[in-house]
Amino acid sequence: MTAVLLLAKAPRRGRVKTRLAREIGDAAAVEAYRRVGAGVAAAVGAEFDLTVWHDPPDAEQEMRDWLGDHEYRAQQGGDLGERMSRAFAAHFDRGDRPVVAIGADTLGVVPAVVREAVQALEEADVILGPALDGGYYLIGLNRKLPYLFEGVPWGTTRVLQVTVALCVAHDLRVGRLAPLRDLDTAADLEALGLRRG
């Protein structure tokens, strides 16, 4: 059974969208993140059963109030890579396949994007959705590949580049989706058609 993971942080001031917050203020940045995350969860959750992997672990009720009726699991581990690797492993261990992870900050992630990723995984070992900032908004796998989450410079413009290099080094077949813009700056906010505040 296909599993779709939504990786999300609790929408708390000072914990999310800190680059955006420096430009438009904490309250407006959190509100923008809440709007985008709710949009992604509603759109994808209308077609797929979502499991929301949340951080911090004590935020389940807060996340439910924000994103609605889905399965909720607490992220576990140190850096983002370890938390993602453990989330993927949990789904593979219960028999899910393929497993696709998305973020809560890319408004363009709609069911058609997830469907395309799932279809691509019939041939590819890994599917990546490149973000315009050098990261990725989606990663899908057919099996546990924990090394794809190790040694990646999370939060930098090199995330996608390093991940692709890891795939090449391990002779994995990689598919790519169309690039999308995620929400990190005031310019992103404007490009996504979201009003400030």
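Which residues have the most contacts inside the largest nonpolar core? The legends below start there. The model is predicted.

**View 1. The largest nonpolar core, centred on its most connected residues.**
This core has 42 residues. Those with the most contacts inside it are Leu-6, Val-44, Met-63, Leu-67, Ile-102 and Leu-138. Helix 2 (residues 26-45) gives the most to the core, with nine residues. Apart from this core lies another, of 26 residues. Leu-5, Leu-148, Phe-149 and Leu-172 are among the members of that other core.

**View 2. The contacts of Leu-6.**
Neighbours within four places in sequence are left aside here. Leu-6 is in contact with Val-40 and Ala-41, among others. The list also includes Leu-50, Thr-51, Val-52 and Trp-53. Leu-67, Ile-102, Gly-103 and Ala-104 are in contact with Leu-6 too.

**View 3. The open sheet of seven strands.**
The strand order is 3-2-1-4-6-5-7, and the pairing is mixed. Strand 3 (71-74) and strand 7 (174-176) stand at the edges. Each has a single partner strand, so one side of each is left without a neighbour in the sheet. The twist averages 20° from one strand to the next. Strand 1 and strand 2 (residues 50-55) pair in the parallel sense, over six bridges. Lys-9 stands opposite Asp-55 in strand 2. Helix 6 lies across strand 5 (126-130), strand 6 and strand 7. Relative to strand 5, helix 6 runs at about 165°.

**View 4. Asn-142 and its surroundings.**
Asn-142 sits in the loop between strand 6 (136-141) and helix 6 (159-169). Is this residue buried or exposed? Asn-142 counts as buried, at 11% relative accessibility. The Asn-142 side chain reaches two backbone oxygens: that of Leu-121 at 2.7 Å, and that of Ala-124 at 2.9 Å. Not counting residues up to four places away in sequence, Asn-142 touches Phe-92, Arg-97, Pro-98, Leu-121, Ala-124 and Asp-125.

**View 5. The salt bridge between Glu-62 and Arg-12.**
A search of the whole structure finds 14 salt bridges. In one of them, the side chains of Glu-62 and Arg-12 meet at 2.8 Å, N to O. Glu-62 lies in helix 3 (residues 60-67), and Arg-12 in the loop between strand 1 (3-9) and helix 1 (18-24), so the pair ties together parts that are 50 residues apart in sequence. Both ends count as partly exposed: Glu-62 at 27% relative accessibility and Arg-12 at 25%.

**View 6. Salt bridges of Arg-181 and Arg-94.**
Arg-181 forms a salt bridge with Asp-188, the closest N and O atoms being 2.6 Å apart. Arg-181 is partly exposed, with a relative accessible area of 31%. Asp-188 counts as buried, at 10%. Elsewhere, salt bridges that share partners join Arg-12, Asp-58 and Glu-62 into one network. The side chains of Asp-96 and Arg-94 also meet in a salt bridge, at 2.9 Å, N to O. Asp-96 is buried, with a relative accessible area of 7%, whereas Arg-94 is partly exposed at 44%.

**View 7. The cis peptide bonds before Pro-56 and Pro-98.**
The bond from Asp-55 to Pro-56 is cis, with omega near 5°. Pro-56 is placed in the loop between strand 2 and helix 3. A cis peptide bond also joins Arg-97 and Pro-98, where omega is about -5°. Pro-98 lies in the loop between helix 4 (80-93) and strand 4 (99-103). Arg-97 and Pro-98 are both among the residues that Asn-142 touches.

**View 8. Positive phi at Lys-17 and Asp-171.**
Lys-17 is a residue other than glycine, yet its phi is positive, near 50°. Lys-17 lies in the loop between strand 1 and helix 1. At 13% relative accessibility, Lys-17 counts as buried. Asp-171 likewise has a positive phi, near 55°. The loop between helix 6 and strand 7 holds Asp-171. Asp-171 counts as exposed, at 70% relative accessibility.

**View 9. Gly-39 in helix 2.**
Gly-39 is partly exposed, with a relative accessible area of 30%. How far apart in space are Gly-39 and Leu-20? The C-alpha to C-alpha distance is 18 Å, for residues 19 apart in sequence.

Conventions:
Residues numbered from 1 in each chain as written. Predicted model: local features only at pLDDT ≥ 70, side-chain atom pairs only at ≥ 80, totals over all residues. Heavy atoms only, no water. Helix = DSSP H or I, 4+ residues; strand = E, 2+ residues; numbered from the N terminus. Buried < 20%, exposed > 50% of the residue type's maximum accessible area, 1.4 Å probe, protein only. Polar contact = N/O pair within 3.5 Å; in protein donor to acceptor, adjacent residues only side chain to side chain. Contact = heavy atoms within 4.5 Å. Salt bridge = Lys/Arg side-chain N within 4 Å of Asp/Glu carboxyl O. Core = buried A, V, L, I, M, F, W, Y, C linked by side-chain atoms within 4.5 Å. Pairing = 2+ DSSP bridges. Axes fitted to C-alpha atoms, helices over the stretch in contact; angles between N-to-C directions.
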